[in-house]
There are 2 protein chains.
Amino acid sequence: MASYHHGNLRETLLAQARKQLAEDGIDKLSLRALARAVGVSQTAPYRHFPDKNALLIALATSGFAELRQSLKTRAEACPDLDAALVEVGLAYVDFAKAHTALYKLMFGPALTQKDSYPQLHVSAESCLEELKALIQLKLNVPESDETLWYITINAAALIKGHTSMILEGNDNCNPATGEEFDLARALRIFLSMLP
Amino acid sequence: MASYHHGNLRETLLAQARKQLAEDGIDKLSLRALARAVGVSQTAPYRHFPDKNALLIALATSGFAELRQSLKTRAEACPDLDAALVEVGLAYVDFAKAHTALYKLMFGPALTQKDSYPQLHVSAESCLEELKALIQLKLNVPESDETLWYITINAAALIKGHTSMILEGNDNCNPATGEEFDLARALRIFLSMLP
DNA sequence: CGTTTGATGTTACCAACGTCAACATTGTTG
DNA sequence: CAACAATGTTGACGTTGGTAACATCAAACG
(Lines give C-alpha, C1' and ligand atoms only; values in the text may rest on other atoms or scores of the structure.)
Protein backbone atom coordinates (compact mmCIF):
# COMPACT_ATOMS: atom_id res chain seq x y z
CA MET A 1 0.00 0.00 0.00
CA ALA A 2 2.31 2.66 -1.25
CA SER A 3 1.32 6.08 -0.10
CA TYR A 4 1.76 8.98 -2.44
CA HIS A 5 4.31 10.60 -0.19
CA HIS A 6 7.39 8.64 0.60
CA GLY A 7 8.01 9.99 4.06
CA ASN A 8 11.78 10.37 4.24
CA LEU A 9 12.87 10.25 0.66
CA ARG A 10 15.90 12.37 1.29
CA GLU A 11 17.50 9.93 3.69
CA THR A 12 16.46 6.97 1.59
CA LEU A 13 18.09 8.51 -1.46
CA LEU A 14 21.33 9.15 0.38
CA ALA A 15 21.40 5.62 1.74
CA GLN A 16 20.73 4.12 -1.66
CA ALA A 17 23.36 6.39 -3.17
CA ARG A 18 25.92 5.10 -0.71
CA LYS A 19 24.95 1.57 -1.64
CA GLN A 20 25.18 2.09 -5.38
CA LEU A 21 28.38 4.05 -4.96
CA ALA A 22 29.97 1.14 -3.18
CA GLU A 23 28.57 -1.50 -5.49
CA ASP A 24 28.78 -0.04 -8.96
CA GLY A 25 31.07 2.94 -8.67
CA ILE A 26 30.32 6.54 -9.37
CA ASP A 27 29.73 6.12 -13.08
CA LYS A 28 26.56 4.16 -12.51
CA LEU A 29 25.35 6.62 -9.92
CA SER A 30 22.69 8.57 -11.78
CA LEU A 31 19.77 10.38 -10.27
CA ARG A 32 17.46 8.34 -12.43
CA ALA A 33 18.91 5.01 -11.37
CA LEU A 34 18.65 6.21 -7.80
CA ALA A 35 15.00 7.14 -8.17
CA ARG A 36 14.31 3.87 -9.90
CA ALA A 37 15.95 1.84 -7.15
CA VAL A 38 13.96 3.67 -4.51
CA GLY A 39 10.75 3.24 -6.47
CA VAL A 40 9.99 6.86 -7.10
CA SER A 41 9.66 9.03 -10.17
CA GLN A 42 12.71 10.37 -11.98
CA THR A 43 12.28 13.92 -10.82
CA ALA A 44 11.34 13.28 -7.22
CA PRO A 45 14.94 13.73 -6.04
CA TYR A 46 14.79 17.31 -7.23
CA ARG A 47 12.38 18.09 -4.38
CA HIS A 48 15.22 17.36 -1.97
CA PHE A 49 18.33 18.32 -3.88
CA PRO A 50 18.57 21.23 -6.30
CA ASP A 51 20.78 19.18 -8.59
CA LYS A 52 22.92 16.08 -8.72
CA ASN A 53 25.96 17.89 -7.42
CA ALA A 54 24.10 18.80 -4.23
CA LEU A 55 23.33 15.14 -3.66
CA LEU A 56 26.97 14.28 -4.10
CA ILE A 57 27.99 17.08 -1.79
CA ALA A 58 25.71 15.73 0.91
CA LEU A 59 27.19 12.29 0.37
CA ALA A 60 30.74 13.61 0.66
CA THR A 61 29.90 15.67 3.72
CA SER A 62 28.59 12.64 5.56
CA GLY A 63 31.68 10.78 4.39
CA PHE A 64 33.93 13.34 6.04
CA ALA A 65 31.91 13.06 9.23
CA GLU A 66 32.35 9.30 9.22
CA LEU A 67 36.03 9.60 8.50
CA ARG A 68 36.52 12.01 11.33
CA GLN A 69 34.61 9.76 13.69
CA SER A 70 36.74 6.79 12.70
CA LEU A 71 39.98 8.72 13.18
CA LYS A 72 38.80 9.88 16.56
CA THR A 73 37.63 6.60 18.01
CA ARG A 74 40.63 4.67 16.80
CA ALA A 75 43.02 7.26 18.18
CA GLU A 76 41.26 7.27 21.53
CA ALA A 77 41.69 3.53 21.85
CA CYS A 78 45.45 3.89 21.87
CA PRO A 79 47.61 3.66 24.98
CA ASP A 80 49.82 6.63 24.21
CA LEU A 81 50.21 9.61 21.94
CA ASP A 82 52.68 8.11 19.51
CA ALA A 83 50.52 5.07 19.00
CA ALA A 84 47.51 7.31 18.47
CA LEU A 85 49.31 9.32 15.81
CA VAL A 86 50.28 6.20 13.94
CA GLU A 87 46.78 4.85 14.33
CA VAL A 88 45.26 7.95 12.77
CA GLY A 89 47.28 7.31 9.65
CA LEU A 90 46.26 3.67 9.52
CA ALA A 91 42.62 4.56 10.13
CA TYR A 92 42.75 7.02 7.27
CA VAL A 93 44.12 4.42 4.89
CA ASP A 94 41.64 1.84 6.11
CA PHE A 95 38.77 4.21 5.47
CA ALA A 96 39.99 4.84 1.94
CA LYS A 97 40.32 1.13 1.28
CA ALA A 98 36.98 0.25 2.83
CA HIS A 99 35.05 3.03 1.08
CA THR A 100 37.13 3.65 -1.99
CA ALA A 101 34.44 5.09 -4.20
CA LEU A 102 33.25 7.39 -1.45
CA TYR A 103 36.80 8.47 -0.71
CA LYS A 104 37.41 9.31 -4.34
CA LEU A 105 34.15 11.21 -4.41
CA MET A 106 35.18 13.20 -1.35
CA PHE A 107 38.47 14.29 -2.83
CA GLY A 108 38.00 13.77 -6.52
CA PRO A 109 36.74 16.09 -9.20
CA ALA A 110 33.21 14.68 -9.20
CA LEU A 111 32.17 17.49 -6.89
CA THR A 112 31.89 20.93 -8.39
CA GLN A 113 31.49 24.33 -6.80
CA LYS A 114 32.72 23.12 -3.46
CA ASP A 115 33.06 26.72 -2.40
CA SER A 116 29.29 27.07 -2.42
CA TYR A 117 28.97 24.47 0.31
CA PRO A 118 30.74 25.76 3.43
CA GLN A 119 29.49 22.79 5.40
CA LEU A 120 31.54 20.51 3.21
CA HIS A 121 34.65 22.50 3.87
CA VAL A 122 34.01 22.42 7.61
CA SER A 123 33.53 18.67 7.58
CA ALA A 124 36.70 18.14 5.61
CA GLU A 125 38.70 20.47 7.79
CA SER A 126 37.54 18.77 10.95
CA CYS A 127 39.41 15.64 9.87
CA LEU A 128 42.62 17.61 9.69
CA GLU A 129 41.83 19.14 13.07
CA GLU A 130 41.74 15.67 14.54
CA LEU A 131 45.30 15.11 13.43
CA LYS A 132 46.40 18.58 14.39
CA ALA A 133 45.07 18.17 17.93
CA LEU A 134 47.15 15.05 18.46
CA ILE A 135 50.28 16.68 17.11
CA GLN A 136 49.67 19.68 19.33
CA LEU A 137 49.60 17.39 22.36
CA LYS A 138 52.74 15.71 21.17
CA LEU A 139 54.60 18.96 20.64
CA ASN A 140 53.12 20.57 23.72
CA VAL A 141 52.83 23.97 22.10
CA PRO A 142 50.03 26.53 21.88
CA GLU A 143 47.61 26.14 19.02
CA SER A 144 49.03 29.20 17.33
CA ASP A 145 52.53 27.76 17.20
CA GLU A 146 54.06 28.32 13.84
CA THR A 147 55.48 24.87 13.34
CA LEU A 148 52.35 23.07 14.54
CA TRP A 149 50.48 23.67 11.33
CA TYR A 150 53.54 22.97 9.26
CA ILE A 151 54.08 19.59 10.86
CA THR A 152 50.41 18.79 10.61
CA ILE A 153 50.41 19.51 6.91
CA ASN A 154 53.44 17.32 6.38
CA ALA A 155 51.98 14.44 8.34
CA ALA A 156 48.75 14.77 6.41
CA ALA A 157 50.64 14.88 3.14
CA LEU A 158 52.51 11.71 4.02
CA ILE A 159 49.30 9.92 4.91
CA LYS A 160 47.40 11.20 1.90
CA GLY A 161 50.27 10.39 -0.40
CA HIS A 162 50.45 6.82 0.81
CA THR A 163 46.70 6.55 0.42
CA SER A 164 46.88 7.80 -3.13
CA MET A 165 49.55 5.34 -4.07
CA ILE A 166 47.68 2.47 -2.48
CA LEU A 167 44.46 3.33 -4.29
CA GLU A 168 46.30 3.71 -7.55
CA GLY A 169 47.84 0.30 -7.04
CA ASN A 170 51.13 2.02 -7.53
CA ASP A 171 53.45 -0.83 -6.81
CA ASN A 172 53.63 0.33 -3.25
CA CYS A 173 54.46 -3.18 -2.32
CA ASN A 174 57.76 -4.55 -1.32
CA PRO A 175 59.09 -6.18 -4.49
CA ALA A 176 60.68 -8.86 -2.35
CA THR A 177 57.93 -9.77 0.06
CA GLY A 178 54.97 -8.49 -1.92
CA GLU A 179 53.57 -6.93 1.20
CA GLU A 180 52.11 -3.48 1.21
CA PHE A 181 54.58 -0.94 2.45
CA ASP A 182 54.41 -0.06 6.06
CA LEU A 183 52.89 3.34 6.57
CA ALA A 184 53.16 2.77 10.31
CA ARG A 185 56.91 2.49 10.00
CA ALA A 186 57.12 5.72 8.03
CA LEU A 187 54.96 7.50 10.55
CA ARG A 188 57.08 6.29 13.45
CA ILE A 189 60.17 7.64 11.77
CA PHE A 190 58.31 10.88 11.17
CA LEU A 191 57.40 11.05 14.85
CA SER A 192 60.93 10.31 15.95
CA MET A 193 62.05 13.51 14.26
CA LEU A 194 59.72 15.76 16.14
CA PRO A 195 61.30 17.80 18.91
CA MET B 1 38.87 24.42 -49.42
CA ALA B 2 38.20 21.68 -46.97
CA SER B 3 39.13 18.29 -48.23
CA TYR B 4 37.01 15.35 -47.28
CA HIS B 5 39.83 13.78 -45.35
CA HIS B 6 41.26 15.77 -42.55
CA GLY B 7 44.79 14.47 -42.75
CA ASN B 8 45.87 14.07 -39.16
CA LEU B 9 42.64 14.17 -37.25
CA ARG B 10 43.99 12.08 -34.44
CA GLU B 11 46.66 14.56 -33.45
CA THR B 12 44.34 17.49 -33.97
CA LEU B 13 41.79 15.91 -31.67
CA LEU B 14 44.35 15.32 -28.97
CA ALA B 15 45.64 18.87 -29.22
CA GLN B 16 42.16 20.32 -29.09
CA ALA B 17 41.35 18.06 -26.18
CA ARG B 18 44.33 19.39 -24.27
CA LYS B 19 43.15 22.89 -25.00
CA GLN B 20 39.58 22.34 -23.90
CA LEU B 21 40.75 20.40 -20.89
CA ALA B 22 42.83 23.35 -19.77
CA GLU B 23 40.22 25.95 -20.59
CA ASP B 24 36.90 24.45 -19.58
CA GLY B 25 37.75 21.50 -17.41
CA ILE B 26 36.98 17.88 -17.96
CA ASP B 27 33.21 18.24 -17.65
CA LYS B 28 32.99 20.17 -20.88
CA LEU B 29 35.26 17.75 -22.66
CA SER B 30 32.86 15.77 -24.81
CA LEU B 31 33.63 13.96 -28.00
CA ARG B 32 30.92 15.94 -29.71
CA ALA B 33 32.28 19.29 -28.58
CA LEU B 34 35.71 18.15 -29.66
CA ALA B 35 34.51 17.17 -33.11
CA ARG B 36 32.61 20.43 -33.41
CA ALA B 37 35.67 22.49 -32.46
CA VAL B 38 37.79 20.67 -35.01
CA GLY B 39 35.11 21.04 -37.66
CA VAL B 40 34.35 17.43 -38.22
CA SER B 41 31.32 15.24 -37.78
CA GLN B 42 30.31 13.92 -34.40
CA THR B 43 31.37 10.37 -35.03
CA ALA B 44 34.61 11.03 -36.85
CA PRO B 45 36.66 10.59 -33.65
CA TYR B 46 35.55 6.99 -33.57
CA ARG B 47 37.78 6.28 -36.55
CA HIS B 48 40.78 7.06 -34.34
CA PHE B 49 39.65 6.09 -30.85
CA PRO B 50 37.40 3.14 -30.05
CA ASP B 51 35.66 5.16 -27.37
CA LYS B 52 35.99 8.27 -25.27
CA ASN B 53 37.98 6.51 -22.62
CA ALA B 54 40.65 5.62 -25.16
CA LEU B 55 40.97 9.30 -26.07
CA LEU B 56 41.39 10.19 -22.42
CA ILE B 57 43.92 7.41 -21.96
CA ALA B 58 45.98 8.78 -24.82
CA LEU B 59 45.77 12.21 -23.27
CA ALA B 60 46.90 10.93 -19.89
CA THR B 61 49.70 8.90 -21.40
CA SER B 62 51.14 11.93 -23.12
CA GLY B 63 50.71 13.79 -19.86
CA PHE B 64 52.89 11.29 -18.05
CA ALA B 65 55.50 11.58 -20.76
CA GLU B 66 55.53 15.35 -20.36
CA LEU B 67 55.72 15.07 -16.62
CA ARG B 68 58.61 12.69 -16.79
CA GLN B 69 60.43 14.94 -19.22
CA SER B 70 59.94 17.91 -16.94
CA LEU B 71 61.18 16.03 -13.90
CA LYS B 72 64.21 14.88 -15.84
CA THR B 73 65.32 18.17 -17.34
CA ARG B 74 64.82 20.11 -14.15
CA ALA B 75 66.76 17.56 -12.13
CA GLU B 76 69.59 17.55 -14.63
CA ALA B 77 69.97 21.29 -14.31
CA CYS B 78 70.88 20.96 -10.65
CA PRO B 79 74.41 21.26 -9.31
CA ASP B 80 74.21 18.28 -6.95
CA LEU B 81 72.14 15.29 -6.02
CA ASP B 82 70.34 16.79 -3.06
CA ALA B 83 69.30 19.80 -5.05
CA ALA B 84 68.10 17.53 -7.83
CA LEU B 85 65.95 15.52 -5.46
CA VAL B 86 64.33 18.64 -4.10
CA GLU B 87 63.88 19.94 -7.59
CA VAL B 88 62.04 16.83 -8.68
CA GLY B 89 59.47 17.45 -5.98
CA LEU B 90 59.08 21.07 -6.96
CA ALA B 91 58.81 20.18 -10.63
CA TYR B 92 56.08 17.69 -9.82
CA VAL B 93 54.07 20.28 -7.93
CA ASP B 94 54.65 22.85 -10.65
CA PHE B 95 53.35 20.46 -13.27
CA ALA B 96 50.23 19.80 -11.25
CA LYS B 97 49.63 23.52 -10.80
CA ALA B 98 50.32 24.36 -14.41
CA HIS B 99 48.19 21.55 -15.85
CA THR B 100 45.70 20.93 -13.10
CA ALA B 101 42.95 19.42 -15.19
CA LEU B 102 45.36 17.13 -16.98
CA TYR B 103 46.94 16.10 -13.70
CA LYS B 104 43.57 15.23 -12.25
CA LEU B 105 42.74 13.31 -15.38
CA MET B 106 45.98 11.35 -15.11
CA PHE B 107 45.33 10.28 -11.54
CA GLY B 108 41.62 10.77 -11.15
CA PRO B 109 38.75 8.40 -11.70
CA ALA B 110 37.91 9.78 -15.15
CA LEU B 111 39.94 7.00 -16.69
CA THR B 112 38.46 3.53 -16.59
CA GLN B 113 39.96 0.14 -17.31
CA LYS B 114 43.49 1.42 -16.93
CA ASP B 115 44.62 -2.17 -16.80
CA SER B 116 43.71 -2.56 -20.45
CA TYR B 117 46.26 0.05 -21.44
CA PRO B 118 49.71 -1.18 -20.44
CA GLN B 119 51.32 1.79 -22.13
CA LEU B 120 49.63 4.07 -19.63
CA HIS B 121 51.02 2.11 -16.77
CA VAL B 122 54.50 2.21 -18.27
CA SER B 123 54.33 5.97 -18.75
CA ALA B 124 53.17 6.50 -15.20
CA GLU B 125 55.77 4.21 -13.77
CA SER B 126 58.55 5.93 -15.66
CA CYS B 127 57.91 9.06 -13.61
CA LEU B 128 58.51 7.13 -10.45
CA GLU B 129 61.62 5.63 -11.99
CA GLU B 130 63.00 9.10 -12.47
CA LEU B 131 62.76 9.69 -8.74
CA LYS B 132 63.98 6.23 -7.88
CA ALA B 133 67.10 6.67 -10.01
CA LEU B 134 68.09 9.80 -8.13
CA ILE B 135 67.52 8.18 -4.77
CA GLN B 136 69.56 5.21 -5.86
CA LEU B 137 72.46 7.49 -6.67
CA LYS B 138 72.03 9.21 -3.35
CA LEU B 139 71.98 5.96 -1.39
CA ASN B 140 74.64 4.36 -3.54
CA VAL B 141 73.02 0.95 -3.42
CA PRO B 142 72.18 -1.62 -6.07
CA GLU B 143 68.82 -1.29 -7.74
CA SER B 144 67.55 -4.36 -5.95
CA ASP B 145 68.25 -2.87 -2.54
CA GLU B 146 65.35 -3.46 -0.25
CA THR B 147 65.17 0.01 1.23
CA LEU B 148 65.57 1.79 -2.10
CA TRP B 149 62.04 1.14 -3.16
CA TYR B 150 60.72 1.86 0.30
CA ILE B 151 62.37 5.25 0.44
CA THR B 152 61.27 6.03 -3.09
CA ILE B 153 57.68 5.25 -2.19
CA ASN B 154 57.85 7.48 0.84
CA ALA B 155 59.39 10.36 -1.05
CA ALA B 156 56.75 10.00 -3.73
CA ALA B 157 54.03 9.87 -1.11
CA LEU B 158 55.30 13.06 0.47
CA ILE B 159 55.38 14.84 -2.87
CA LYS B 160 52.03 13.51 -4.00
CA GLY B 161 50.44 14.32 -0.67
CA HIS B 162 51.63 17.91 -0.80
CA THR B 163 50.37 18.14 -4.35
CA SER B 164 46.97 16.86 -3.33
CA MET B 165 46.67 19.34 -0.53
CA ILE B 166 47.74 22.20 -2.75
CA LEU B 167 45.23 21.30 -5.44
CA GLU B 168 42.50 20.91 -2.87
CA GLY B 169 43.33 24.32 -1.52
CA ASN B 170 43.64 22.66 1.80
CA ASP B 171 44.88 25.55 3.87
CA ASN B 172 48.38 24.42 3.21
CA CYS B 173 49.47 27.95 3.76
CA ASN B 174 51.22 29.37 6.72
CA PRO B 175 48.42 30.97 8.74
CA ALA B 176 50.86 33.68 9.74
CA THR B 177 52.56 34.58 6.51
CA GLY B 178 49.94 33.26 4.11
CA GLU B 179 52.65 31.70 2.01
CA GLU B 180 52.33 28.25 0.63
CA PHE B 181 54.13 25.72 2.77
CA ASP B 182 57.60 24.85 1.77
CA LEU B 183 57.76 21.46 0.17
CA ALA B 184 61.46 22.06 -0.44
CA ARG B 185 62.04 22.37 3.28
CA ALA B 186 60.21 19.13 3.96
CA LEU B 187 62.18 17.35 1.27
CA ARG B 188 65.48 18.61 2.64
CA ILE B 189 64.58 17.25 6.04
CA PHE B 190 63.59 14.01 4.39
CA LEU B 191 66.96 13.87 2.65
CA SER B 192 68.85 14.64 5.83
CA MET B 193 67.49 11.44 7.32
CA LEU B 194 68.79 9.18 4.62
CA PRO B 195 71.87 7.16 5.51
C1' DC C 1 -15.41 20.66 10.05
C1' DG C 2 -14.20 22.60 5.61
C1' DT C 3 -10.80 25.25 3.13
C1' DT C 4 -6.48 26.89 1.82
C1' DT C 5 -1.67 26.45 1.28
C1' DG C 6 2.91 24.69 1.02
C1' DA C 7 5.50 20.55 0.63
C1' DT C 8 6.11 16.57 -1.96
C1' DG C 9 5.60 13.47 -5.96
C1' DT C 10 4.32 12.75 -11.12
C1' DT C 11 4.05 13.41 -16.06
C1' DA C 12 5.70 15.29 -20.24
C1' DC C 13 9.25 17.23 -22.35
C1' DC C 14 14.03 19.14 -23.89
C1' DA C 15 19.00 19.32 -25.09
C1' DA C 16 23.29 16.98 -24.77
C1' DC C 17 25.92 13.00 -24.65
C1' DG C 18 28.18 8.28 -26.03
C1' DT C 19 27.69 5.00 -29.34
C1' DC C 20 26.28 2.16 -33.30
C1' DA C 21 24.96 0.91 -38.18
C1' DA C 22 24.78 2.15 -42.83
C1' DC C 23 26.53 4.88 -46.30
C1' DA C 24 29.86 8.22 -48.83
C1' DT C 25 34.42 9.60 -50.13
C1' DT C 26 39.19 9.23 -50.67
C1' DG C 27 44.12 7.57 -51.28
C1' DT C 28 46.55 3.53 -52.33
C1' DT C 29 47.78 -0.73 -54.49
C1' DG C 30 47.58 -4.46 -57.62
C1' DC D 1 41.68 1.37 -64.01
C1' DA D 2 39.42 -1.41 -60.47
C1' DA D 3 39.21 -3.03 -55.85
C1' DC D 4 40.05 -2.17 -51.20
C1' DA D 5 40.98 -0.28 -46.83
C1' DA D 6 40.98 3.91 -44.37
C1' DT D 7 38.57 7.79 -43.22
C1' DG D 8 34.54 10.86 -42.74
C1' DT D 9 29.17 11.57 -42.69
C1' DT D 10 24.26 10.82 -41.72
C1' DG D 11 20.79 9.28 -38.97
C1' DA D 12 19.28 7.05 -35.20
C1' DC D 13 18.85 4.85 -30.31
C1' DG D 14 19.04 4.90 -25.41
C1' DT D 15 20.52 7.34 -21.27
C1' DT D 16 21.29 11.31 -18.63
C1' DG D 17 20.56 15.98 -16.10
C1' DG D 18 17.26 19.33 -15.88
C1' DT D 19 12.73 22.32 -16.30
C1' DA D 20 7.72 23.30 -16.31
C1' DA D 21 3.12 22.19 -15.35
C1' DC D 22 0.17 19.42 -12.88
C1' DA D 23 -1.45 16.09 -9.03
C1' DT D 24 -1.75 14.71 -4.27
C1' DC D 25 -1.42 15.04 0.45
C1' DA D 26 -0.90 16.89 5.25
C1' DA D 27 -1.08 20.43 8.31
C1' DA D 28 -2.56 25.19 9.62
C1' DC D 29 -6.30 28.17 10.03
C1' DG D 30 -10.96 30.05 9.71
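This is a dialogue on reading the interfaces of a predicted model.

Biologist: How is the size of an interface given, and what area is buried between chain B and chain A?

Modeller: The size of an interface is often given as the accessible area lost when the parts come together. Between chain B and chain A about 3100 Å² is buried, and carbon and sulfur atoms give 66% of that area. Chain B puts 33 residues into the contact and chain A puts in 32 residues.

Biologist: How many salt bridges does the rule find across the interface of chain B and chain A?

Modeller: The rule finds two salt bridges there. In one, Lys160(B) pairs with Glu168(A), with 3.4 Å between the closest N and O atoms. Polar contacts between chain B and chain A come to eight residue pairs, both residues being at pLDDT 80 or more.

Biologist: Which element gives the most to the side of chain B that touches chain A?

Modeller: Helix 7 of chain B, with 13 residues. By class, that side of chain B has 16 nonpolar, eight polar and nine charged residues.

Biologist: Can we turn to chain A alone? What area do domain 1 and domain 2 of chain A bury between them?

Modeller: Chain A is divided into domain 1 (1–49) and domain 2 (57–192). The two domains bury about 630 Å² between them, 76% of it on carbon and sulfur atoms. On the domain 1 side, Arg18(A), Leu21(A) and Ile26(A) lose the most area to domain 2, together 74% of what that side buries. The centres of the two domains, taken over C-alpha atoms, are separated by 30 Å.

Biologist: Which side chains meet in a salt bridge there?

Modeller: Arg18(A) and Glu66(A), at 2.7 Å from N to O. The count between the two domains is one salt bridge. The side of domain 1 that touches domain 2 has six nonpolar, no polar and two charged residues.

Biologist: Now the DNA. Which residues come nearest to DNA strand D?

Modeller: Of the 22 residues around strand D, the nearest are Arg32(A), Arg36(A), Ser41(B), Thr43(B) and His48(B). Helix 2 (residues 31–38) of chain A gives the most to this surface, with three residues.

Biologist: What part of DNA strand D do the atoms within 4 Å of the protein belong to?

Modeller: Sugar or phosphate accounts for 55% of them, and bases for the rest. On the base side, a polar side-chain atom of Arg32(A) lies 2.4 Å from a base nitrogen. For phosphate oxygens, the side chain of Lys52(A) has an N or O atom at 2.8 Å, and Ser30(A) has a polar side-chain atom at 3.4 Å.

Conventions:
Residues are numbered from 1 along each chain as its sequence is written. Chains are lettered from A and ligands numbered from 1 in the order in which they are written. This is a predicted model: local features need pLDDT of at least 70, side-chain atom pairs count only at pLDDT 80 or more; totals for chains, interfaces and linings use all residues. Side-chain values use heavy atoms; hydrogens and water are left out. A residue is near a molecule or strand if one of its heavy atoms lies within 4 Å of it. A polar contact is a pair of N or O atoms within 3.5 Å; within protein, one must be able to donate a hydrogen and the other to accept it, and residues adjacent in sequence count only if both atoms are side-chain atoms. Helices (H or I, at least four residues) and strands (E, at least two) are DSSP runs, numbered from the N terminus. Contact means heavy atoms within 4.5 Å. Buried area is the accessible area (1.4 Å probe) that two parts lose on being put together, summed over both. A salt bridge is a side-chain nitrogen of Lys or Arg within 4 Å of a carboxyl oxygen of Asp or Glu. Ala, Val, Leu, Ile, Met, Phe, Trp, Tyr, Cys and Pro count as nonpolar, Asp, Glu, Lys and Arg as charged, and the others, Gly among them, as polar. Domain bounds come from an automatic or database domain assignment.
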